[in-house]
Amino acid sequence: MTFCSFIREPEPHERYLSGWRRLDGEQASCPLRARLARLSRRMYIPYRWPPSQSPGTEGWENPNIPAGYTYFAQFVAHDTVRSSVSTSELGCPGQKNRNARLAPLELHTLYGNGFDGCLTGMTETDREQLRPSKLSLGQISIGEKIDESCPFRDIPRALPRYTTANPDGLRSVSIADDRNDNSALISQMTMLFTLFHNSVVDHMNEGNHLPESVSQAYFAHLFDRARDACVIAYRRIVRDDLMKRLLHPDAYAFYTHSRLDFLDPREGGALTFEYAQALRFGHAMVRPHYRVNDVLQRREELIDVLLTTSRGRPWRLPLDESWAVQWSKFFPIAGSQPNRSKRIGPSLSPDFLSDLVFDRIDETGIVGLAYRDLVNGAASPVWSVTPLIEEIRKRKPRLIQASRLLSDADYRQAAIGSWLAEDNAATGLTAEDIQDLSQDPPLLVFVLFEAAHEMHGERLGVLGSILVGEPIFKALQQGAVGKIADARSMTDTAVCLREADRPHVPVGYVTDEIASMSDLGEFLQERAGSVNSVIPFL
Amino acid sequence: MGIERVGVVNHRMLGEHVKAWARGALPIPASLQEFRGQLVLAGVGVKIPDRISRIIFVQDDEETLVVRLPCRSRLKEAEAELSAQGGSYPLPSFYEQTFACRARITQPIAFQSARIGDYSIAQCV
């Protein structure tokens with residue numbers, strides 16, 4: 001599926017960088033890349049937040065968004081966007097970026113292609129444990145040992161024996177979307193939703209059938225029904241919890257209004273280029289360090305969060321006790337004081353500059369995530385900020401009026417210019433850079449700046465909320481519950497299933513209970529079996 | 001919540017920068033702000049706690065042995081932290097990535113002493 005532009009395709013002069021040469025093949029001498037390199041340096045200089053008024057907290061900590069939402073938002077990002085072109089290839093001739101995620105917000109990032117219905121030779125143990133209907137989990141190690149006291153609280157990892165892969169360490173992950181192992185915390189989030197699915201399978205099977213007596217079709221149907229229940233609950237969490245925390249209150253009210261009238265009325269499921277850019281705001285929410293649990297009296301630095309993956313440190317896996325997340329430290333559960341996310345602003349945690357994780361992607365030799373984000377934006381045919389604001393103003397002037405940054409172009413340019421000019425001796429940004437970038441900032445930079453400038457970094461501003469919120473609420477509306485269930489009933493396995501063989505637990509029991517990530521944590525604590533160990537689950 | 005330490009993101013780049021200072025190829029920063037600025041420009045990435053307000057550069061010569069002593073109060077804090085249950089010695093990430101194995105530090109205080117014995121007298125070459 002191709003990406004599309006928000007509302008309509010911008011005219012050439014309405015596009016970001018319309019007055020500039022775009023990325024070119026001569027990477028080392030490309031003036032745009034050099035400018036983006038200078039701008040990327042600006043994004044590692046801490047934003048000047050006012051000092052915190054709450055004892056024990058820092059000015060950069062966001063009181064509105066606990067740190068777990070950073071990784072839930074990343075999980076949602078993986079469930080909506082899967083770019084077909086790597087960042088290092090962007091801007092090269094002949095590359096057309098497509099979105100390989102065909103059905104957003106249906107948990108394809110967790111389920112992949114789903115139950116294949118072709119399992120043969122199931123053993124009795126497989127049947128007894130409902131393995132065909134479940135997703136795999138991995139054990140963590142405690143004190144460098146793995147035994148029965150170690151709970152299944154990692155994603156499944158394996159030694160790549162008898163393959164062409166490097167056989168040292170647990171380099172293989174058996175998950176649908178390997179981006180869900182690009183940090184220790186996103187893999188823990190994936191583990192959480194895997195546990196969710198498996199506990200729903202167990203619950204749906206209770207009192208229905210003895211697994212050894214049923215057909216393969218039963219397992220397929222059980223898988224599908226559990227997936228439906230999880231997708232419905234997940235979508236509710238996205239709408240009622242994540243979006244409520246992230247979006248500007250006016251934008252959230254707009255998108256949750258009973259007579260919702262989208263700014264972009266076009267039908268179809270294509271996500272926008274602007275969404276794919278704005279979504280990167282989550283990088284700014286990542287803390288420089290985390291308290292993962294109380295087992296070790298220490299914090300984990302971001303660089304270790306980023307490196308503790310099957311590709312980064314296969315010798316250190318499965319995850320050990322220092323990485324088993326105690327979820328009350330990431331979401332507000334029973335009065336807990338979780339890690340707070342970093343305030344949203346045009347500033348990333350310094351560890352994102354690491355060349356161990358974000359090595360150079362072109363001949364400029366610039367390392368780090370900020371540069372990648374900026375190159376990605378420059379290669380994408382997104383709207384320029386000013387014409388985009390005008391286009392939205394034509395349709396919903398009230399949303400624009402709520403923001404001085406959006407409604408007053410001179411004020412906007414001066415504010416961005418002032419921020420860019422700080423520390424320009426260190427960044428190397430020239431007067432010409434500052435002039436051009438304040439007139440035509442990268443969309444992501446504007447979204448981050450808007451959040452910092454108008455919302456104190458506690459949530460997205462109006463434009464960021466529209467660009468992120470509209471595609472999400474469209475996807476939520478388009479993928480209705482009934483539609484999912486109807487589609488599943490057409491699968492071969494379900495058609496073959498006799499009514500008497502179907503699980504009889506209604507989907508609604510899960511969705512009635514779970515409306516937030518905190519609810520999900522408590523649900524799993526109660527229903528997911530032996531998740532506790534020396535490391536509490538909550 | 002642990003000691004706020006000075007942190008370096010890209011040690012190799014910092015090392016290259018230090019070599020340039022040592023050779024006189026780059027001006028030695030006159031202030032903490034200038035130090036930060038040079039490192040931002042070089043893409044090093046450095047985390048400096050707010051408590052730090054000054055910077056001093058010391059260069060060895062052929063006749064002088066420079067012994068760099070840790071701050072007394074920070075040393076006490078670090079020893080208390082390492083003695084606590086679960087205390088662990090933080091090593092820069094590049095060691096683990098270079099050796100492709102996890103450092104197993106079973107006696108953190110002893111290891112800390114050895115580390116101090118190393119870098120307080122090492123001559124940066």
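These questions and answers cover one pocket and two helices of a predicted model.

Guide: In this predicted model, local features need pLDDT of at least 70, side-chain atom pairs count only at pLDDT 80 or more, and totals for chains, interfaces and linings use all residues. Residues are numbered from 1 along each chain as its sequence is written, chains are lettered from A and ligands numbered from 1 in the order written, and side-chain values use heavy atoms, without hydrogens and water.

Visitor: How do you know that α5 of chain B agrees with the expected span of a helix?

Guide: Helices are DSSP runs (H or I, at least four residues), numbered from the N terminus. The expected span is 1.5 Å times one less than the number of residues. For the 12 residues of α5(B), 108–119, that gives 16 Å, and the end C-alpha atoms are 16 Å apart, so the two agree.

Visitor: Which residues of α5(B) are called buried?

Guide: Buried means under 20% relative accessible area (1.4 Å probe, protein chains only). B:Pro108, B:Gln112, B:Arg115 and B:Ile116 are the buried residues of α5(B).

Visitor: Why are the buried residues of α5(B) said to line one face?

Guide: The arc is taken from the directions from the helix axis to the C-beta atoms. The buried residues fall within an arc of 100 degrees, so they line one face of α5(B).

Visitor: What makes α5(A) mostly covered?

Guide: Of its 22 residues, 20 are buried.

Visitor: What classes make up the lining of the second largest pocket?

Guide: Ala, Val, Leu, Ile, Met, Phe, Trp, Tyr, Cys and Pro count as nonpolar, Asp, Glu, Lys and Arg as charged, and the others, Gly among them, as polar. The lining has 21 nonpolar, 18 polar and 8 charged residues. Its largest share, 6 residues, comes from α2(A).

How values were computed. Helix = DSSP H or I, 4+ residues; strand = E, 2+ residues; numbered from the N terminus. Buried < 20%, exposed > 50% of the residue type's maximum accessible area, 1.4 Å probe, protein only.
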